[in-house]
Amino acid sequence: MDVDRLLPTPEAADLIALTREIANNELSPRVDAHEAAETYPEGLFATLGRAGLLGLAYPEEYGGGGQPYEVYLQVLEELAARWAAVAVATSVHTLACHPLYAFGTDAQKERWLPSMLEGRLVGGYSLSEPQAGSDAAALACKAERQEDGGYRITGTKAWITHGGKAGFYALFARTAPGGHGISCFLAPGETEGLSFGAPERKMGLQAVPTTSAYWDGALIEEDRLVGTEGQGLQIAFSALDNGRLGIAACATGLAQAALDAAVDYANERTTFGRRIVDHQGLGFLLADMAAAVDAARATYLDAARRRDLGRPFSRQASAAKLIATDTAMKVTTDAVQVLGGYGYTRDFPVERYMREAKIMQIFEGTNQIQRLVISRGLARPEK
């Protein structure tokens, strides 16, 4: 069932219609096979790039779509309702483009940004390490400036969506001791001395790999430093506010898919001579699910509209991520309950939705971290 969306322009409505067409024709027919076999959908992100769906939130002058965040996020939600792994990877790509766009020089942006926004280079975000997940300031991967130019990168990065597949990585590495000694680099996907581990064996989102990366003294050019040395954490946290909105939209799309599957089943299945949707106990459960999905969507759109207006939105982004991902976990679990024994089998997609929802409470900052951000925002109100 298509969501009745309130969109700001006729162009945005056309974009949603295009997204639904692509999602129905390119994502829906392929998702089950690739997720079951844990195989990467080769060529799919190139298709999304040609359609203009990988650079929507960035200016047209660099090859982007020039769309407000409230529109980009609703496109992302439409993708997630068909294939969560693809939507998450699209969100991560958008996140990985942010450091260059927001902190890069004009020369850097002109050189690299069009290829990134047009989808010729799909991106990954390389911040976490085995010992430094939520505590980004504890990362140990080193970037040592060389006398003859460039930086030599040594260390291990973890939990990289699109690891080994991406054409570039927003890489965060240590250039000096202490919390202010972290810097950001636009690292090529193919670099001598860079290798990747086997894909993690995940509960869900299996079609897009998540890997570790091993930097064995790899040399990258000096002009791939984004911003200044020591600015890395500022860049990382700026990007993460945007990424949390992306995950909120993905989680809402996943919850919407679970709700739709539960409603369809409840309208078709009968017990005691009545459709199960007509039994009050089940009807009220579906009503709660629908209300929760609507609330999650409203929450991420509120944060996005603040961002589009240039207003502070960090606390609202954390609230959106927290509420939408908790909603996705609850709604997908309830969808399995609605389908009963069938919901626990792989003959229906709701068991996959439930597995996919769990990680959304964890990445882009766990939901405990979101509560920390929100509480700090209350203690130090944004001006």
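**Figure 1. Surroundings and burial of helix α8 in the predicted model.** The elements that cover the buried residues of α8 include α4, α7 (232–268) and α9 (314–339). The structure shown here and in the other views is a predicted model. Within α8, the buried residues are Leu 282, Leu 286, Met 289, Val 293, Ala 296, Arg 297, Tyr 300, Leu 301, Ala 303 and Ala 304. Helix α8 comprises 29 residues (residues 280–308), for which a rise of 1.5 Å a residue gives an expected span of 42 Å. The C-alpha atoms at its two ends are 42 Å apart, in agreement with that expectation. After α8 comes Gly 310, which has a positive phi, near 80°.

**Figure 2. Helix α4 and its enclosure.** Helix α4 (residues 69–82) is one of the elements that cover the buried residues of α8. The helix has 14 residues, and the distance from its first C-alpha to its last is 20 Å, close to the 20 Å expected at 1.5 Å a residue. Of these 14 residues, 13 are buried, so α4 is largely enclosed by the rest of the structure.

**Figure 3. The packing of α4 against α5.** How are the two helices α4 and α5 oriented to each other, roughly parallel or roughly antiparallel? Their axes come within 6 Å and cross at roughly 150°. Angles over 145 degrees count as roughly antiparallel, and α4 and α5 are therefore roughly antiparallel to each other. On the α4 side, the contact is made by Tyr 69, Tyr 72, Leu 76, Leu 79, Ala 80 and Arg 82. On the α5 side, Ala 84, Ala 87, Thr 90, Ser 91 and Thr 94 take part. Sorted by class, the contact of α4 with α5 has 7 nonpolar, 3 polar and 1 charged residues.

**Figure 4. Helix α5 and its kink.** Helix α5 (residues 84–103) has 20 residues and should span 28 Å at 1.5 Å a residue; its end C-alpha atoms are 29 Å apart, which agrees. Where in α5 does the kink lie? A kink of about 30° is located at Cys 97, shortly before the proline Pro 99. Helix α5 is mostly covered, with 18 of its 20 residues buried.

**Figure 5. Two serines in strands.** Ser 126 belongs to strand β1 (residues 123–126), and Ser 195 belongs to strand β6 (residues 194–196). Ser 126 has a relative accessible area of 2% and is buried, whereas Ser 195 is partly exposed at 37%. Leaving aside residues up to four places away in sequence, Ser 126 touches Lys 157, Ile 160, Tyr 169, Ala 170, Leu 171 and Phe 172. With such sequence neighbours again left out, Ser 195 touches Ser 212, Ala 213 and Tyr 214. Ser 195 and Asp 216 are 21 residues apart in sequence, and their C-alpha atoms are 8.1 Å apart in space.

**Figure 6. Positive phi values at Trp 159 and Glu 364.** Trp 159 is not a glycine, although its phi is positive, about 60°. Trp 159 lies in strand β3 (residues 151–161) and is exposed, with a relative accessible area of 54%. Glu 364, likewise a residue other than glycine, has a positive phi near 60°. Glu 364 is found in the loop between α10 (350–360) and α11 (367–379). Is Glu 364 buried or exposed? Its relative accessible area is 12%, and Glu 364 is therefore buried, since buried means under 20%.

Conventions:
Residues are numbered from 1 along each chain as its sequence is written. This is a predicted model: local features need pLDDT of at least 70, side-chain atom pairs count only at pLDDT 80 or more; totals for chains, interfaces and linings use all residues. Side-chain values use heavy atoms; hydrogens and water are left out. Helices (H or I, at least four residues) and strands (E, at least two) are DSSP runs, numbered from the N terminus. Buried means under 20% relative accessible area, exposed over 50%, partly exposed in between (1.4 Å probe, protein chains only). Contact means heavy atoms within 4.5 Å. The expected span of a helix is 1.5 Å times one less than its number of residues. The bend at a residue is the angle between axes fitted to the seven residues ending there and the seven starting there. Axes are lines fitted to C-alpha atoms, for helices over the stretch in contact, and angles run from 0 to 180 degrees between N-to-C directions. Angles under 35 degrees count as roughly parallel, over 145 as roughly antiparallel, 65 to 115 as roughly perpendicular and the rest as oblique. Ala, Val, Leu, Ile, Met, Phe, Trp, Tyr, Cys and Pro count as nonpolar, Asp, Glu, Lys and Arg as charged, and the others, Gly among them, as polar.
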